[in-house]
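Q: Please take a close look at the salt bridges in this structure. I would like to know which residues pair up, where they sit along the chain, and how open they are to the surroundings.

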Amino acid sequence: LILCNNQITEISGLGSLANLRVLDLSANKIKKIINLDLPNLEVLKLYCNQITVIENLERVPSISVLEINKTELKEINYLGTVILSNLKALNISYNQIDNLDATSNTIICIKSLEIVDAYGNPIEKDFRYRFKLAENSRIAEIDGVTITEVMRKDLDEMRHQSDIDGLIKQTNEQYAKRIETEKVRKELALKYMQQHEVDVKKKFVKYRENMNKELTEFVNYVNHVRRQKEKGEEIEISEEFLQQWKNKLQAYEIERKAEEEKAKRDIEDKYNSLILTKLINTCLLYTSDAADEQRG
């Protein structure tokens, strides 16, 4: 059930939707989490609202994804007191959460949690930030960065080094740069896709107008000939005109098939390129991890 981008101020009227699995109430004006009696709900999206406290989730025991980013949260302590044994992904990014120890302790309490995103909160400025979040051994991804076994091992070793503060700060900065770089790439890709969509739509509109114009001209001409014949005039559609129109239709069909084949090739090329890029990135990451492990 998608109810995002409305003017909803209160959660209500969902009591009859016992089998609901996905509920998107993002980008509204909701201030409190109430009236959620949905035993089968798996995904709850509440980002971009005015919520200050996470509460009243006792009756959504099946929830596995909770997105409550870009609201006005200051803490998530409640999640450490309620049983949400299926919660695997938690997005609390871009809030006002400022107590790292309390946040870390809460995340440790959520035994099922695998993915957490707390980017853009005041706690991120603490040099212990990602190390504290990674204390939950089930966490596999923090702020979009995958925590590999090699990385987790390195984190454990660095805790015992005398210059851990400097190393943590350096690692934190590097991770922040990587995330920012990926964010820029994502925004550029989205911008390109949006512009491409606009261009394709314009091209289609122009193409449709041209096709409709030609079709209208042809139909009008044929109707004109029919009306003249009905009036008793000696007029016929010339064989030359009919042949020209047939040739035009054949040319359009050839062009359509060529464009269709080109589109298929483009999709295959992009797919192969994507697979190759992923393989190269995987190899580079493996090489880097192996080198780090050998140095260690």
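**The salt bridges and their setting**

A: Arg128 counts as partly exposed because its relative accessibility is 26%, and this residue is a good place to begin in what is a predicted model. The side chain of Arg128 meets that of Asp126 in a salt bridge, with 3.0 Å from N to O. Asp126 also counts as partly exposed, since its relative accessibility is 23%, and buried would require a value under 20%. As a general point, side chains of opposite charge can pair when their charged atoms come close.

A second pair is made by Asp143 and Arg130, whose side chains meet in a salt bridge at 3.3 Å, again given from N to O. This pair links distant parts of the chain, because Asp143 lies in the loop between β6 (141–142) and β7 while Arg130 belongs to helix α2, 13 residues apart. Both Asp143 and Arg130 are buried, whereas Arg128, at 26%, counts as partly exposed. There is also a network, in which salt bridges that share partners join Asp101, Asp126, Arg128, Lys132 and Glu135.

A further salt bridge is found between Glu42 and Arg21, where the closest N and O atoms are 2.9 Å apart. This pair, too, links distant parts of the chain, with Glu42 in the loop between β1 and β2, Arg21 in the segment before β1, and their positions 21 residues apart. Glu42 has a relative accessibility of 32% and so counts as partly exposed, and Arg21, at 47%, likewise counts as partly exposed. A search of the whole structure finds 7 salt bridges, among them the pair of Glu42 and Arg21.

The strands named above belong to an open sheet of 7 strands, which follow the order β1-β2-β3-β4-β5-β6-β7 with mixed pairing. At the edges of this sheet stand β1 (22–24) and β7 (145–146), and each has a single partner strand, so one side of each is left without a neighbour in the sheet. Strand β2 (residues 43–45) pairs with strand β3 (residues 65–67) in the parallel sense, over 3 bridges, and the bridge partner of Lys45 is Glu67 in β3.

For contrast, it helps to turn to a nonpolar part of the surface. Leu190, Tyr192 and Met193 form a nonpolar patch there, with about 340 Å² of accessible area together. Tyr192 lies in helix α4 and counts as exposed because its relative accessibility is 56%.

Key
Residues numbered from 1 in each chain as written. Predicted model: local features only at pLDDT ≥ 70, side-chain atom pairs only at ≥ 80, totals over all residues. Heavy atoms only, no water. Pairing = 2+ DSSP bridges. Helix = DSSP H or I, 4+ residues; strand = E, 2+ residues; numbered from the N terminus. Patch = residues over 30% accessible without salt bridge, like charges linked within 9 Å, V, L, I, M, F, W, Y side chains within 5 Å. Areas by Shrake-Rupley, 256 points an atom, 1.4 Å probe, with all protein chains shown as cover. Salt bridge = Lys/Arg side-chain N within 4 Å of Asp/Glu carboxyl O. Buried < 20%, exposed > 50% of the residue type's maximum accessible area, 1.4 Å probe, protein only.
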